[in-house]
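This report describes the fold, one helix and its packing, an internal cavity and two backbone outliers. The sequence and structure come first.

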Amino acid sequence: MNISFIIITGGLKPKHVKRLITSIRKQEIPEYESIIVGNVDKLCIDPMSLGSTVKTISLVDAASKGELGVMRNRGCREAQFDNIVILDDDLLLTKDWYKNLLKLQDTESFGNYDILTCQVRVPDGGRYWDHACYQSPKNGHVTLEADQDDDYLYMSGGCSWLMKKHVFNKIQYDSSEIYNMSNLKDYSEGKHNEDTYFAQRCRHAGFKIKHNHSSVAIHD
């Protein structure tokens, strides 16, 4: 499986970025790339020191305004592989993240997916909005058990979830550069944010969201 990792950053966590890049490299993925988008100049990292698989895209204005959708859209447009993993700069992949992803792929009973969330833990061991639903008539806004399902699933921020490139080709993040922030009313009223609105539009487009509880990332 070939993967494009899209990492967005405000430039304030250079040690976190280096740690994340190292955790990706240790997965030993045959073909992959890491695209760091945002205030990359502030990281003060020589791209060459991160290896040939790393590309940086400077979007200082978007990073300073916290325009996560703009940064993610730009990174995804540059992705060369069919599998895109969305990451914030304070995530860390555990050593068997990719190996367990491959094991899941080989499980015939798992079936097809368009979007795949993975298990996310915080340093104290708790889970962080990995397999979650939002505005669900049945469950509300909660983190679900690994084997639970819901028709209102969403993907939380840059929490190491994977989507196929065909998803992004149809659904981009709501942002000032694309949609003129078409959902501002829902945002201002607290009904949606960029993540929940993106997920809702993916679901309405018929894309299938599944959960991979075997691949674990840490949210620091």
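Helices here are DSSP runs of H or I with at least four residues, strands are DSSP runs of E with at least two, and both are numbered from the N terminus. On that basis the chain has 8 helices and 11 strands. The model is predicted.

**Overall figures**

Of the 220 residues in the chain, 52% are buried. Among contacts with a separation of 6 or more, 70% join residues 24 or more positions apart. The chain exposes about 10,400 Å², and carbon and sulfur atoms supply 48% of that area.

**Helix H5 and the strands around it**

Helix H5 covers residues 97–105, and its buried residues are Trp97, Tyr98, Asn100, Leu101 and Leu104. Seen down the axis of H5, these buried residues fall within an arc of 165 degrees, so they line one face of the helix. They pack against six strands named here in chain order: E1 (3–9), E4 (83–88), E5 (91–93), E6 (115–121), E10 and E11 (209–219).

Some of these strands also pair with one another. Strands of a sheet pair through backbone hydrogen bonds, either parallel or antiparallel. E6 and E11 pair in the parallel sense over 7 bridges, whereas E5 and E11 run antiparallel and are joined by 3 bridges. Ile218 of E11 appears in both pairings: Leu92 has Ile218 as its bridge partner, and Arg121 stands opposite Ile218 as well.

**The largest cavity**

Rolling a probe the size of a water molecule over the atoms shows where empty space is left. The structure holds 3 cavities of 30 Å³ or more, and the largest has a volume of about 40 Å³. Which residues line the largest cavity? They are Trp97, Leu101, Leu116, Cys118, Ser160, Trp161, Leu162, Asn212 and Ser215. H5, E6, E10 and E11 each supply at least two residues of this lining. E10 gives the most, with 3 residues. Two of the lining residues, Trp97 and Leu101, are also among the buried residues of H5.

**Two residues with positive phi**

Two residues other than glycine have a positive phi, Gln135 and Ser160. The table sets them side by side.

| Residue | Phi | Strand | Relative accessibility |
|---|---|---|---|
| Gln135 | near 60 degrees | E7 | 38% |
| Ser160 | near 55 degrees | E10 (residues 159–164) | 1% |

Why does Gln135 count as partly exposed? Its relative accessibility is 38%, and the partly exposed class lies between under 20% for buried and over 50% for exposed. Ser160 counts as buried because its relative accessibility is 1%. Ser160 is also one of the residues lining the largest cavity.

**The sheet containing Gln135**

Strand E7, where Gln135 is placed, belongs to an open sheet of 3 strands in the order E8-E7-E9, with antiparallel pairing. The edge strands are E8 (140–143) and E9 (153–154), each of which pairs on one side only. E7 spans residues 132–136, and 3 bridges join it to E8. Within this antiparallel pair, Ser136 of E7 stands opposite Gly140 in E8.

Terms used
Residues numbered from 1 in each chain as written. Predicted model: local features only at pLDDT ≥ 70, side-chain atom pairs only at ≥ 80, totals over all residues. Heavy atoms only, no water. Pairing = 2+ DSSP bridges. Buried < 20%, exposed > 50% of the residue type's maximum accessible area, 1.4 Å probe, protein only. Contact = heavy atoms within 4.5 Å. Areas by Shrake-Rupley, 256 points an atom, 1.4 Å probe, with all protein chains shown as cover. Arc of directions from axis to C-beta. 1 Å grid on protein atoms, 1.4 Å probe; cavity = no way out; pocket = protein on both sides within 12 Å on 5 of 7 lines; lining within 4 Å. Points joined across faces, edges and corners; volume = space filled by probe spheres on them.
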